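Let's take a walk through the empty spaces of this protein, and then stop at one charged side chain. Keep the structure open while you read.

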Amino acid sequence: MRHLNTTEHMGQPTGRTLAAVGRQIRLPLELQVTGGHDPSSNRLKLDALFRVLPGTRLAGRSDWRNTAVLVKLFYNPRHWRRHVKRELKGHQLITEAGILTPRLVDQLYLASGDGGLLLYEYLEEGKSINTIWKDLEEDAERMKLLHSVIDVIALCHDRGLMQSDMHPDNFLLNSGEVYLLDAAAVKATGNDARTRILQCMSNFARFIAQFPVSNDANAAASFDYYRSRRSKESNGFALTDFLALVVQERRLRIRSYQRKLLRSTTEHEARAGRSCVMVWSRTVSPECRMDLARDPDRIMGQGKVIKAGNSSTVALVHLDNKDRIIKRYNIKNPGHGLKRLFTTSRARRSWQSAHMLLMLGIETPEPLMMMEHRRLGIFGGRAYYVSEYINAPDVITVLRQSGVEHREAILKHFERLFQVMKHYRISHGDMKASNFLYANDCLYVLDLDAMRIYRSDGAFKRHFRKDLSRWLKNWSGFVEIEKAARTLVDRMMNFR
């Protein structure tokens, strides 16, 4: 893999060389530039990178004329000029509307003529709303934070603007004030009143959909607060329609996110060859990843085998100084192998499903790695899934040991799980009790290789009923629980 930094004797980086190296950019990165307010300043050095979109752009920190700046460098070989123009247009719309956004300090070009740079003031004390949200624990604090962002969203909509990439990382809190980021994604709303109302409500729903489903309990209050900050234009929009938009936007987000899970991103790295496809979390050490890639069976053999079945083998291993679970999906016989040749691997389904559940606020062991062995570059073979190890008993064990102490809490967790499955048309496929662990008031969902998400209501309802029926069988012999569980199932099977 080619790396790029200016300490090596490779000449000055150009837009083309930056595009060629993808994410493999080493710091410090020194660039030769032209233009700007001070033509005598022709060198800019990046000492931190915040984001790299391979082949297209990067964002980082630099000191420019003794001032800290955020640098956005655009270098897509064919489209960098258009990207710079779109960013500048968005920044102009924001500033003319009187909405807070980092000040544009300077505009530069790569001396090689194949890239453009926009320099913004660097807000040293700024923190993204997403980062702050994760650090807060009290609902009241979170609602106060949410209201401060909704103030900005409502102001944008009243001024005829929308941030189309509506996620919490595009809002920054600095010195008590919220700044709007990512100017390239800011666009004007439509002129027709009905179109504009639907655009704004969908845009706001997209923002609410970025948060876990548990936050939807506050969605009605957020909707009321948003309307109180808007002009009368939004008064005719019903709460039920808005909540439906939140579910719709979150479904779209799930589909988009699942596509990203199979390629290199800020969170994950992916490699694909003729004989193997791998995707892993960037939290996995390079040494661990290489050991797993070379011989996963050897590592499993060094651990403790928990399950040795025909279709899968599960081992508890020690990796990166932590206990991990490796699940190998076996090929049982030639007929089974033929069937698996043309289907999505169970490891891939587990990888995608785990990330989907976590995004929806459902606990499951953290997914760390997925690896598929291939034949002739396209046909499926053995596959492996690596995840966090949760040292906790299953729900049946907990209930047998504690009696009624945890019964109500466990059933509440299942009710919440079923509501999420119902809203987002998800079936599990194997609802036996051993696939649900319980500890510290958390219900962990395991064995995700049969999990599906459906576009059709009919197909979902059919599989969801099967899930509920199988889940109900777990409580045979637990008289008190069985009665409450049956009531819960009856309620969940009502789709009206």
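Start with the second largest pocket, which has a volume of about 660 Å³. It is lined by 26 residues, and if you want to find its middle, look for Val-314, Ile-325, Asn-435, Leu-446 and Asp-447, the ones closest to the centre. Three strands give two or more residues each to this lining: strand 14 (304-308), strand 16 (322-329) and strand 18 (379-388). As for chemistry, the wall of this pocket is made of 14 nonpolar, five polar and seven charged residues. Bear in mind that you're looking at a predicted model.

Now for the enclosed spaces. How many cavities of 30 Å³ or more does a search of the whole structure find? It turns up two.

The largest cavity holds about 50 Å³ of space. Around it you'll see Val-284, Cys-288, Leu-292, Leu-319, Asp-320, Arg-324, Leu-368, Met-369 and Val-386. Helix 8 (286-294) and strand 17 (367-375) supply at least two of the lining residues apiece. Sort that lining by class and you get seven nonpolar residues, two charged ones and no polar ones; Asp-320 and Arg-324 are among the residues on the list.

On to the second largest cavity, with about 30 Å³ of space. Its lining consists of Ile-153, Cys-156, His-157, Leu-161, Met-162, Gln-163, Met-166, Phe-171, Leu-180 and Asn-203. Here the elements that give two or more residues are helix 4 (139-158) and strand 8 (161-163). By class, this lining splits into seven nonpolar and three polar residues, with no charged ones.

Last stop: Arg-251, which you'll find in helix 7 (residues 239-260). What is the nearest side chain of opposite charge to this buried arginine? It's Asp-457, and the distance is 5.4 Å. A salt bridge here needs a side-chain nitrogen of Lys or Arg within 4 Å of a carboxyl oxygen of Asp or Glu, so Arg-251 is left without one, even though it is buried. What does Arg-251 touch, then, leaving aside its neighbours within four places in sequence? Its contacts are His-423, Tyr-424 and Arg-425. So if you're setting up a view of this spot, put Arg-251 of helix 7 on screen together with that run of contacts, His-423, Tyr-424 and Arg-425, and add Asp-457 at 5.4 Å.

Terms used: Residues are numbered from 1 along each chain as its sequence is written. This is a predicted model: local features need pLDDT of at least 70, side-chain atom pairs count only at pLDDT 80 or more; totals for chains, interfaces and linings use all residues. Side-chain values use heavy atoms; hydrogens and water are left out. Helices (H or I, at least four residues) and strands (E, at least two) are DSSP runs, numbered from the N terminus. Buried means under 20% relative accessible area, exposed over 50%, partly exposed in between (1.4 Å probe, protein chains only). Lys and Arg count as positive and Asp and Glu as negative; His and the chain ends are not counted. Contact means heavy atoms within 4.5 Å. On a 1 Å grid over the protein atoms alone, a cavity is a set of points where a 1.4 Å probe fits but cannot get out, and a pocket is an open set with protein on both sides within 12 Å along at least five of seven lines; lining residues have an atom within 4 Å of a point. Grid points are joined across faces, edges and corners, and a volume is the space filled by probe spheres set on the points. Ala, Val, Leu, Ile, Met, Phe, Trp, Tyr, Cys and Pro count as nonpolar, Asp, Glu, Lys and Arg as charged, and the others, Gly among them, as polar.
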